[in-house]
Amino acid sequence: MNPAPPSPGRSPGRLRRSAHTGPGAGGGRAAPQAPAGRARKRLGPRQEGGRHHLSPSPAPRRQHRAPSSLTAPRRLPGPSPRGCRCRTRSPRGAGPSRGRPGLPAGGAGWYGPLPWRRRRRAGGGSGGSMAALARLRARLPALREECFRRNRCVDEDRKIKYKAAVKIQSWFRGCRVRAYLRHLNKMVICIQKRWRGYQSRRYFRKIVKIQKRWRGYYVRKYIHNYYALKKYLEAVSVNNEIVRNELQEYAEMNENERKKKDQEKKEKEKKYQARKMHYLLSTEQIAGIYNSPFRKSPDPMELLLRQSKPLSHRQQQVKSPFTDELYDWPTCKRPPTFHAGEPLPPIGRQKPQGPFCDTAEVLRQRYKPLEPTLRVAASIDSPLGKARAEMKREEWRNHIHDNEFLPFSSYHKNEKYDPSIHRSGKYGQETYGIKHFREVQPNKWVTGKDFQTVSPSIVLFEKFGKTYSRCGQIV
Amino acid sequence: MIAIKLWKETVKCDLRGNTQFTWNPTTCARFYKKAAAFVLRAVGKHSPQLAQAVVQCGALESLVICLEDFDPGVKEAAAWALGYIARHNSELSQAVVDAGAVPLLVLCIQEPEIALKRIAASTLSDISKHSPELAQTVVDAGAIAHLAQMILNPDAKLKRQVLSALSQIAKHSVDLAELVVEAEIFPVVLTCLKDSDEYVKKNGATLIREIAKHTPELSQFIVNAGGVAAVIDCIGSCRGTVRLPGIMMLGYVAAHSENLSMAVIVSKGIPPLCTCLVEEQEDHIKAAAAWALGQIGRHTPEHARAVAVANVLPTLLSMYMDTHSSEDLQLKTKRALKNILQKCTYLPALEPLLQDAPPNIMKHIVGQFSKVLPHDSKARRLFVTTGGLKKVQEIKAEPGSLLQEYINTINNCFPEEIVRNFILQLQVPILKRERRLLFTLLWI
């Protein structure tokens with residue numbers, strides 16, 4: 001019997017069970033491997049066995065879907081070596097003994113001989129089988145409940161699966177329909193597009209003809225008006241001619257002015273030269289250099305000389321040191337005189353730290369010159385008084401002595417005569433200087449004779465005593 | 001450097017201290033101030049770092065105070081120093097402007113002394129040349145009206161500075177250029193282009209160029225005022241670098257639109273440009289002339305024809321091929337050639353170029369032939385008789401390239417025999433009689 005392939009309508013519980021039991025071969029059954037979200041009772045080996053026992057009643061229902069569903073979980077753990085499903089149970093059967101009731105003859109009669117049962121059976125005998133039966137019968141209501149519960153679970157599972165299947169199918173069908181609709185839409189758009197384009201182009205061709213004519217007219221008239229351009233260019237050239245003529249006149253006028261200026265300058269220069277060299281003018285007797293006798297007529301310079309007035313020698317203008325263009329100060333006529341009004345501050349001095357005023361300002365305030373008002377600045381004396389004082393001073397300077405000249409003797413009447421210091425002695429007037437001039441004491445003379453002159457005397461000394469008057473007394 | 005520091009200290013305290021002497025006429029403070037300002041100018045003119053040092057020691061306030069002085073010499077020296085400081089870069093200019101110099105400079109411009117006006121105008125020019133904001137500051141102080149009035153002044157150096165100042169203001173943006181134009185400088189400025197002083201002409205051309213380059217409307221305005229003719233005459237009468245702004249002005253005007261370009265052509269602009277291209281030695285002037293010609297000729301076949309008729313294409317080509325030309329010149333001539341050739345349908349001018357053009361130019365030339373020849377039988381005849389077809393056969397082109405396509409198009413215009421004849425001629429010399437036979441075939 002080939003097991004039918006597992007259909008999607010199978011109860012998941014079984015799958016799970018078998019999947020769990022598969023890897024759990026060797027006694028891992030006791031661990032509840034409930035699937036997530038759904039608590040499922042793990043059936044013990046007995047229950048499983050019980051289920052098998054009860055298999056005929058739910059079998060017809062199950063058989064619609066998966067008659068072999070009972071087999072499939074058995075297949076999963078692995079192929080039984082002998083080809084019978086119950087074989088898979090054999091390793092599991094190593095645990096607690098499984099009492100198996102006699103398999104139903106009909107229904108899911110795919111149970112093959114159960115060798116382990118046979119083996120077990122071999123040991124127990126008929127008594128053991130009766131006890132097993134009693135045991136099974138005792139378990140029956142529980143089994144029924146259990147069966148009912150499982151079916152219900154399976155039913156619920158089925159419902160859920162059914163709903164899920166419906167949903168998936170509906171979704172998928174929706175997708176297909178939508179895709180189809182999209183495709184249709186694209187096709188429709190394509191067709192409409194081309195049709196509309198064709199329509200408009202037909203229409204457009206009619207319109208373009210009008211627009212063409214209109215635009216050609218408009219452009220030729222207003223934008224690229226050939227005749228207007230032609231007229232404009234002619235006007236431009238005419239205008240250019242006028243401008244050129246005017247500019248030519250202007251240039252000629254300028255040129256004339258410049259020539260005239262040059263000419264005048266030359267004339268002036270010539271006249272100046274003539275005035276300077278007026279002495280070269282020829283006279284009646286001597287012909288000047290410009291009036292050679294061999295010439296037919298005098299040189300123009302000669303004529304100029306005749307007309308010109310001689311240049312007087314005037315003070316030569318002092319050549320300003322600023323005539324050369326080095327300085328290029330046309331308004332400065334005198335050389336600069338530098339006026340050091342105030343002392344310069346020292347160079348490079350760092351500004352002192354602190355709340356000090358600016359050095360330059362301070363110095364300026366310190367050395368600020370007096371700014372007297374007009375009243376103060378003007379002197380007290382009037383100019384007339386000043387002039388008079390000035391005259392007096394001059395006269396006083398020129399006097400030899402300070403005595404005023406008094407014309408009449410009556411002014412000197414009461415004057416007492418003050419003798420000079422040489423003649424006023426302590427006890428009256430001294431006679432020396434008046435009566436006698438040199439001190440002579442005859443009582444001290446040794447002889448009455450005078451010296452004899454042996455050597456020629458000095459001429460001057462000879463005259464001593466002889467030149468004087470009698471008052472000298474030596475004669 | 002120590003001496004400079006010493007002087008700086010002197011100058012700093014004395015410029016500050018000397019302000020109190022201004023009321024007292026007996027003290028000759030003004031010479032001291034002038035000397036101090038001269039020192040600052042001498043220090044500040046050499047490099048931006050030195051100028052920065054001058055600014056950092058606080059000289060700007062003192063100089064601005066000097067600008068308010070009564071003596072014009074002091075004002076002139078102060079303005080000169082400020083100008084040299086502001087010349088270097090925009091930060092220093094900004095510092096000068098922040099010190100409040102600009103309104104005082106505008107007052108200085110109105111003074112009667114010519115030297116002071118010159119220096120003030122030059123300082124304003126130096127300030128406004130760096131950035132649009134600085135130029136706007138100068139304009140807000142009302143400088144344009146006074147500068148515009150001074151264009152009529154006969155002094156040449158003053159005119160130089162005034163025109164330079166106006167051009168530095170106008171160059172930054174359209175609004176500033178429009179403000180300058182609204183000051184009614186046209187057509188007075190055109191008289192400056194006829195001045196005897198070269199630099200007045202140059203600066204006048206610069207001013208017109210800076211105005212023309214912004215928008216087509218401004219260029220249109222200049223053309224309507226006859227500016228193009230004046231500039232063309234100016235180019236014709238000058239030599240050397242003085243011509244350069246005029247050439248660039250023509251290029252800018254022609255670049256804006258084809259009507260303006262046609263106006264330039266009608267004003268006889270092309271011959272002076274050709275003479276410039278040929279005569280000048282300097283590469284940058286030649287490059288500018290080539291660029292201007294390219295701008296004139298690139299718009300329509302009419303324009304390209306006008307340029308080609310002047311026989312300028314071989315010159316451009318030779319300049320492009322010349323190994324001594326600078327890279328800039330080569331680039332500009334190449335672009336000009338390409339621009340003109342793409343529109344040129346005047347075949348007699350194109351034929352001389354077939355001989356020695358490099359492949360990238362040859363492509364355009366042959367392309368033009370391939371556009372014209374299929375439609376014009378006379379041109380075809382001329383093409384064969386002048387030997388153009390022969391030259392085209394001599395060109396080696398990679399199969400599948402654009403050049404080969406053009407050559408094929410040209411070859412398809414002519415009967416097979418002729419073409420084969422030329423190809424054969426390249427390979428084997430044919431006897432005269434047979435050649436004559438083949439030619440008679442052509443005329444049938």
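Here is a short chat about chain B and some aromatic side chains in a predicted model.

Trainee: How many helices and how many strands are there in chain B?

Mentor: Let's take the strands to begin with: chain B has zero of them. The helix count for chain B is 30.

Trainee: And what share of the residues in chain B is buried?

Mentor: Buried here means under 20% relative accessible area. Chain B has 444 residues, and the buried share of them is 55%.

Trainee: What part of the exposed area of chain B comes from carbon and sulfur atoms?

Mentor: Chain B exposes about 19300 Å². Of that area, carbon and sulfur atoms supply 54%.

Trainee: On to the rings: is the pair of Tyr226(A) and Tyr227(A) stacked or edge-to-face?

Mentor: A search over all chains gives ten aromatic pairs. For Tyr226(A) and Tyr227(A), the ring centres are 5.4 Å apart and the planes are at 75°. Planes over 60 degrees apart count as edge-to-face, so this pair, at 75°, is edge-to-face.

Trainee: Is Tyr227(A) buried or exposed?

Mentor: The cut-off for exposed is over 50% relative accessible area. Its partner Tyr226(A) has 51% and counts as exposed. Tyr227(A) has 60%, so Tyr227(A) is exposed.

Trainee: Which ring has the charged end of Arg41(B) over it?

Mentor: In chain A, Arg366(A) lies over the face of Tyr367(A), 4.8 Å from the ring centre. As for Arg41(B), its charged end sits 3.9 Å from the centre of a ring, and that ring belongs to Trp80(B).

Terms used:
Residues numbered from 1 in each chain as written. Chains lettered and ligands numbered in written order. Predicted model: local features only at pLDDT ≥ 70, side-chain atom pairs only at ≥ 80, totals over all residues. Heavy atoms only, no water. Helix = DSSP H or I, 4+ residues; strand = E, 2+ residues; numbered from the N terminus. Buried < 20%, exposed > 50% of the residue type's maximum accessible area, 1.4 Å probe, protein only. Areas by Shrake-Rupley, 256 points an atom, 1.4 Å probe, with all protein chains shown as cover. Phe/Tyr/Trp six-rings, centres within 6.5 Å; stacked < 30°, edge-to-face > 60°. Lys NZ or Arg CZ within 6 Å of the ring centre and 35° of its normal.
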